[in-house]
Amino acid sequence: SRHPRILFQTHIQWFVFLSIVTKFCLIFLIKSFLRISVFTLAVTALCLPICAQTDDFGDADPVRLFEHGQSAHARGEFEKALEFYEQAIKVRPEFPEAEFQRGNALVSLSRLDEADAAFRRAISLKKNWSLPYSTLGALLMRRERDDEASTFLRQALTVDPHDNIALRLLSELRLRAGDPKEALELATRATQNPDAPTSAWV
C-alpha cells in the first residue's frame, strides 16, 4: 500500500517540477520578447528622422533637389528653399541655375553679401546667361552701388540685348546720372520688346 502513495507523491513532485520549469520558460520567453520589442521600437524611433531626411535630401538627383527648392521658394519658404538649393549644389557644384536661385532666396532673407557672391558665382559658371548679370545689377542698385550696377547691366545687354530687366534698370540709372537721352532710348527698347511685361510701361 506504500508503493501507490510513493508513486502518487512522485507524480505530484514531477508535476510541480514541470510547472516550475514551464513558469521559468514562460518568464524567459516574455523577457526575450520584451527585449526584442524594445529594441525594435528603438530602431524604429532612430529610423524615423533618417527616413524623413531621406525624403528631403536623400535623393541624389540635383535637378530633383532644385525642383524641391523651387516649390518651397514659390510657397515663400525661403530657408527651406535655400537648403534644397545648397544640397543641389553640393551634389553638382557647377550648377548655375541653383546658384542663381540660391542668390534670390538669400535676397529674400536679407543676406545680401551672400546673395551678391551667389550671383557672381552663377555668372562665372554660365557667362552667356543674362539673368544673373541683371539681377546682380538690381541688387547693386539696391545697395547704392550704381557704377558697379551699371557695369553688370551693360554686360547683361551684351549677352542678351532684349533683357527687359537690364533695359529698365539701366534706363533708371542713366536718368539718375543726368543722361535723359540714353534713359529714353533704353526705356523705348524695353517697351518695344514684344515679350516685355506690363510693368515695363509703368
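Biologist: Does Glu-144 count as buried or exposed?

Modeller: This is a predicted model, in which local features need pLDDT of at least 70 and side-chain atom pairs count only at pLDDT 80 or more, while totals for chains, interfaces and linings use all residues. Residues are numbered from 1 along each chain as its sequence is written, and side-chain values use heavy atoms, with hydrogens and water left out. Buried means under 20% relative accessible area, exposed over 50% and partly exposed in between, with a 1.4 Å probe and protein chains only. The relative accessibility of Glu-144 is 70%, so this residue counts as exposed.

Biologist: Which residue in the loop between H4 and H5 has a positive phi although it is not a glycine?

Modeller: Helices (H or I, at least four residues) and strands (E, at least two) are DSSP runs, numbered from the N terminus. The residue in question follows H4 and is exposed, with a relative accessible area of 53%. Its phi is about 60°, and its name is Ser-110.

Biologist: How many helices does the protein chain have?

Modeller: Along the sequence the pattern reads α-α-α-α-α-α-α-α-α. There are zero strands, and the number of helices is nine.

Biologist: How far apart are the end C-alpha atoms of helix H4?

Modeller: The expected span of a helix is 1.5 Å times one less than its number of residues. Helix H4 covers residues 96-108, which is 13 residues, so it should span 18 Å. The distance in the model agrees with this: 19 Å.

Biologist: Which helices are included in what covers the buried residues of H4?

Modeller: The buried residues of H4 include Pro-96, Phe-100, Arg-102 and Leu-106. Cover is judged by contact, meaning heavy atoms within 4.5 Å. By that rule the cover includes H2, H3, H5 and H6.

Biologist: Which side chain forms a polar contact of 2.9 Å with that of His-73?

Modeller: His-73 is in helix H2 and counts as buried, since its relative accessibility is 15%. Leaving out residues up to four places away in sequence, His-73 touches several residues, among them Phe-78, Gln-101 and Ser-108. A polar contact is a pair of N or O atoms within 3.5 Å; within protein, one must be able to donate a hydrogen and the other to accept it, and residues adjacent in sequence count only if both atoms are side-chain atoms. The partner is Tyr-85.

Biologist: With which residue does Arg-102 form a salt bridge whose closest N and O atoms are 3.2 Å apart?

Modeller: A salt bridge is a side-chain nitrogen of Lys or Arg within 4 Å of a carboxyl oxygen of Asp or Glu. Arg-102 is buried at 16% relative accessibility, whereas its partner is partly exposed at 32%. The closest N and O atoms of the pair are 3.2 Å apart, and the partner is Glu-86. Arg-102 lies in helix H4 and its partner in helix H3, so the pair ties together parts 16 residues apart in sequence, the H3 residue being Glu-86.

Biologist: Which residue forms a salt bridge with Arg-120?

Modeller: The two residues are four apart in helix H5, so about one helical turn separates them. Arg-120 is partly exposed, with a relative accessible area of 29%, while the partner is buried at 7%. The closest N and O atoms are 2.4 Å apart, and the partner is Asp-116.
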